[in-house]
Amino acid sequence: MELIKCKNGHSYDPSITPECPECARLRGHTLPLDTSAYLPNDEIGKTMPLRRDTVPINHQTSHWADTDDYRSASLASDGYDPTLPVNYDKGPLHDKAARPVTGWLVCIDGPEKGRDYRLHEEYNYIGRSTKMDVCIAGDPTVSRENHAIIAYDTQERMFFFAPSSGASIVRHNGKAVLSNVELKYGDRLQMGKGTFLFVPLCGESFQWED
């Protein structure tokens, strides 16, 4: 048996295998950084993936930096969440964002002061959960689901506000709401610790056409 050394310093018998079995084993796996033929001296003793173009799954990319319709209490301000899988599908949230906006709520006082919330036609369910059409995630006094409802009637071209199954009373311009009330521009709604200004888009002067 005659042993020879490969370029990486491994000994092997060419009569048994045509190439170094150790190099073949390492191909596609990890490479120790004590191999001077590949790495500078200051990296000796470390390990790294054999492919240098490998990116960790939680690496921030422009895909998430450009996404602004997935914000919640658990997401960063730019919409990037390092726990999301690479093939994450936007799903229902994307569908809601694509529906034509009919108006907005703007928080003018309370835990989410300065934020705005899109409204669409038919029912808009309000709560802390990201499943809600209007997600007020930063106010723990708002019920998780169905704290209140805002509806836009496309036939009457009118907005309505009503309580749902929330644990606390909601108010319209300072008065308790026990059944539905019609909404007008500039109305102030109180839900939890927040006060919200109502700003309609659709109505008598404008409505989206099918």
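## Two charged pairs

A salt bridge is a side-chain nitrogen of Lys or Arg within 4 Å of a carboxyl oxygen of Asp or Glu. With that in hand, we can start our tour of this predicted model. A search of the whole structure turns up two salt bridges. Side chains of opposite charge can pair when their charged atoms come close.

One of them links the side chains of K184 and E182, with 2.9 Å from N to O. K184 counts as partly exposed because its relative accessibility is 48%, and E182 is also partly exposed, with a relative accessible area of 32%. A salt bridge also joins the side chains of E112 and R115, at 3.8 Å from N to O. Here E112 is buried, since its relative accessible area is 8%, whereas R115 is partly exposed at 32% relative accessibility.

## The chain as a whole

Let us step back for a wider view. The protein chain holds three helices and 15 strands. Of its 210 residues, 31% are buried. Its accessible surface comes to about 13,600 Å², and carbon and sulfur atoms account for 50% of that. If you take the contacts between residues at least 6 apart in sequence, 33% of them join residues at least 24 apart.

## How confident is the prediction?

The pLDDT of the protein chain averages 76, and 66% of the residues score at least 70. Over residues 50–94, the pLDDT is below 50. Beyond near neighbours in sequence, that stretch has 39 contacts in the model.

Residues 30–39 form another stretch to look at with care, as pLDDT stays under 50 there. For these residues the model has 26 contacts beyond four places in sequence.

## A sheet of six strands

Now to the strands. Six of them make an open sheet in the order β6-β5-β15-β14-β11-β12, and the pairing is antiparallel. At the edges stand β6 and β12 (175–176); each has a single partner strand, so one side of each is left without a neighbour in the sheet. Strands of a sheet pair through backbone hydrogen bonds, either parallel or antiparallel.

Inside this order, β11 (residues 171–172) and β14 (residues 188–191) run antiparallel and are joined by two bridges. To see one of these partners, find H172 and look across to L189 in β14.

## The β9, β10 and β13 strands

Strand β9 (residues 148–153) and strand β10 (residues 158–163) also run antiparallel, with six bridges between them. They form a hairpin with four residues between the strands. Across this pair, Y152 has F159 of β10 as its bridge partner.

Strand β10 has a further link, with three bridges joining it to strand β13 (residues 181–183), again in an antiparallel arrangement. F159 appears here too, standing opposite L183 in β13. E182, which you met in the salt bridge with K184, falls within the residue range of β13.

## Two loop residues with positive phi

Most residues other than glycine have a negative phi, and most peptide bonds are trans. Against that background, which backbone angle does R157 take? Its phi is near 55°, a positive value in a residue other than glycine. R157 sits in the loop between β9 and β10 and counts as partly exposed because its relative accessibility is 32%.

N146 also has a positive phi, of about 55°, although it is not a glycine. You will find N146 in the loop between β8 (134–135) and β9. At 23% relative accessibility, N146 counts as partly exposed, because buried means under 20%.

## A closer look at H120

Our last stop is H120, in the loop between β6 (116–119) and β7 (122–127). Is H120 buried or exposed? It counts as buried, because its relative accessibility is 6%.

Which residues does H120 touch, leaving aside those up to four places away in sequence? They are R99, P100, T102, D133 and Y152. With R99, the side chain of H120 also makes a polar contact of 3.2 Å. Y152 is a name you have seen before, as the bridge partner of F159, so H120 is also in contact with a residue of the β9 and β10 hairpin.

How values were computed
Residues numbered from 1 in each chain as written. Predicted model: local features only at pLDDT ≥ 70, side-chain atom pairs only at ≥ 80, totals over all residues. Heavy atoms only, no water. Buried < 20%, exposed > 50% of the residue type's maximum accessible area, 1.4 Å probe, protein only. Polar contact = N/O pair within 3.5 Å; in protein donor to acceptor, adjacent residues only side chain to side chain. Contact = heavy atoms within 4.5 Å. pLDDT = per-residue confidence, 0-100. Pairing = 2+ DSSP bridges. Areas by Shrake-Rupley, 256 points an atom, 1.4 Å probe, with all protein chains shown as cover.
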